[in-house]
Amino acid sequence: MAIIQTLGVASNLGGPFNQYSNAAELLRENIHYYATELDYPQLQWHMVYPKRDGTKNSKLRHLNKKISQYTRYWSKSNIPFLVIDGDHSCAMGTWAGVLQSLKPQRHFGLIWLDAHMDAHTFFTSPTQNIHGMPIAALLGTTDKQLAHLYPGNKFIKPENLVLMGIRSFEAQEYKLLKTRGIEIVFSDNIRDFSQSLLSVAQQLSLKAEVIGISIDLDFVEPLEAPGVATPVAHGIKAQELINALKLISHMPQIAGLEISEFYPQGDKKNKTLELMKKIIFTFYDRKSP
Ligand SMILES: [Mn+2]
């Protein structure tokens, strides 16, 4: 039985609501029950919590640094990992850690599944919510306030980043991504998500020895994943996501998976919680339910 190193981040500092997130803890309790009953992959949990004192930015900086230390170690040691974030701003820590772990001449590719572009800066964001900014930070930004939250000095190359499922964005984000030539697969243009994801992953694997997958749960159709902070209609069907992940999960380049933006207060009949479990079991085990 596989053991998956799992990092839970109990923070919603980058989101629009309360600063604490119980998303990872809820999942941990729920999954633990299943894992003892059935032959599922075992998750070995590590938790990080925001520090109590300081400004929101200083807490986030500290948190992302901690996250990056875990993923840096796992990536360097070739240990597959799973990160369960509260909100998507933690992606700065998750993937900065992997970038920092790479030997020179090794390239990192990132597949970002999201309804949003997350490419704002403090200069452009109408809400100032930092969960809408991690892509700008990962690319390297001239916004000093945002750069300060990013725990590393290595950035993702524009040609190694692909955003998929996009259907809600502001003009400034689009401009930032377009100027850098980043590939964007809009939700409207996806006919067969399995084929789209497989082809994106195969293309990336020609350029990058290490690949990461970051899932914002608002990528999925909100009727099927209602427990997210910022739902957007007309998402990809949950089963399509599962089928697609099955196709790529055994690619040797994939270093880790991040699942973000589970907002339990918004969930209905545990749909989103159950979907997260399905994603994890699909991704890390051939005997998925
Ligand atoms: Mn996001």
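Tutor: A crossing is left-handed if the near helix is turned anticlockwise from the far one by less than a right angle, and right-handed if clockwise. H2 passes H3 in a right-handed crossing. The model is a predicted one, in which local features need pLDDT of at least 70 and side-chain atom pairs count only at pLDDT 80 or more, while totals for chains, interfaces and linings use all residues. Residues are numbered from 1 along each chain as its sequence is written.

Student: What makes H2 oblique to H3?

Tutor: The axes of helix H2 (residues 56-76) and H3 cross at roughly 40° and come within 7 Å. That angle makes H2 oblique to H3: under 35 degrees counts as roughly parallel, over 145 as roughly antiparallel, 65 to 115 as roughly perpendicular, and the rest as oblique. Axes are lines fitted to C-alpha atoms, for helices over the stretch in contact, and angles run from 0 to 180 degrees between N-to-C directions. Helices (H or I, at least four residues) and strands (E, at least two) are DSSP runs, numbered from the N terminus.

Student: Which residues of H2 and H3 meet?

Tutor: Residues in contact have C-beta atoms, placed from the backbone, within 7 Å. Among them are Leu63, Ile67 and Tyr70 in H2, and Met92, Ala96 and Val98 in H3. The residues of this contact divide into six nonpolar, 10 polar and three charged. Nonpolar covers Ala, Val, Leu, Ile, Met, Phe, Trp, Tyr, Cys and Pro, charged covers Asp, Glu, Lys and Arg, and the others, Gly among them, are polar.

Student: Why is H8 called roughly parallel to H9?

Tutor: Helix H8 (residues 238-248) and helix H9 (residues 271-284) pack at about 15°, with axes 9 Å apart. That angle falls in the lowest class, so H8 is roughly parallel to H9. Their crossing is right-handed. H8 contributes Ala238, Ile242, Leu245 and Lys246, and H9 contributes Leu275, Lys278, Ile279, Thr282 and Phe283. This set holds six nonpolar, one polar and two charged residues.

Student: How do you know that Val48 and Leu241 are buried?

Tutor: A residue is buried if 20 or more other C-beta atoms lie within 10 Å of its own, exposed if 12 or fewer, and partly exposed in between, with C-beta atoms placed from the backbone. Val48 has 22 such atoms and is therefore buried. Leu241 has 27 C-beta neighbours inside 10 Å, so Leu241 is buried too. Val48 is found in strand E2 (residues 42-48), and Leu241 in helix H8. Leaving out residues up to four places away in sequence, Val48 touches Leu7, Val9, Leu63, Lys66 and Ile67, and Leu241 touches Phe193, Val220 and Ile236.

Student: What makes E1 and E2 a pair?

Tutor: Two strands pair if DSSP finds at least two bridges between them. Strand E1 (residues 3-9) and E2 have seven bridges, in the parallel sense. One of the bridges joins Ile4 to Leu43 in E2.

Student: Why do E2 and E6 stand at the edges?

Tutor: The open sheet has eight strands in the order E2-E1-E3-E8-E7-E4-E5-E6, with parallel pairing. E2 and strand E6 (183-186) each have a single partner strand, so one side of each lacks a neighbour in the sheet. The twist averages 15° from one strand to the next.

Key
Contact = placed C-beta atoms within 7 Å.
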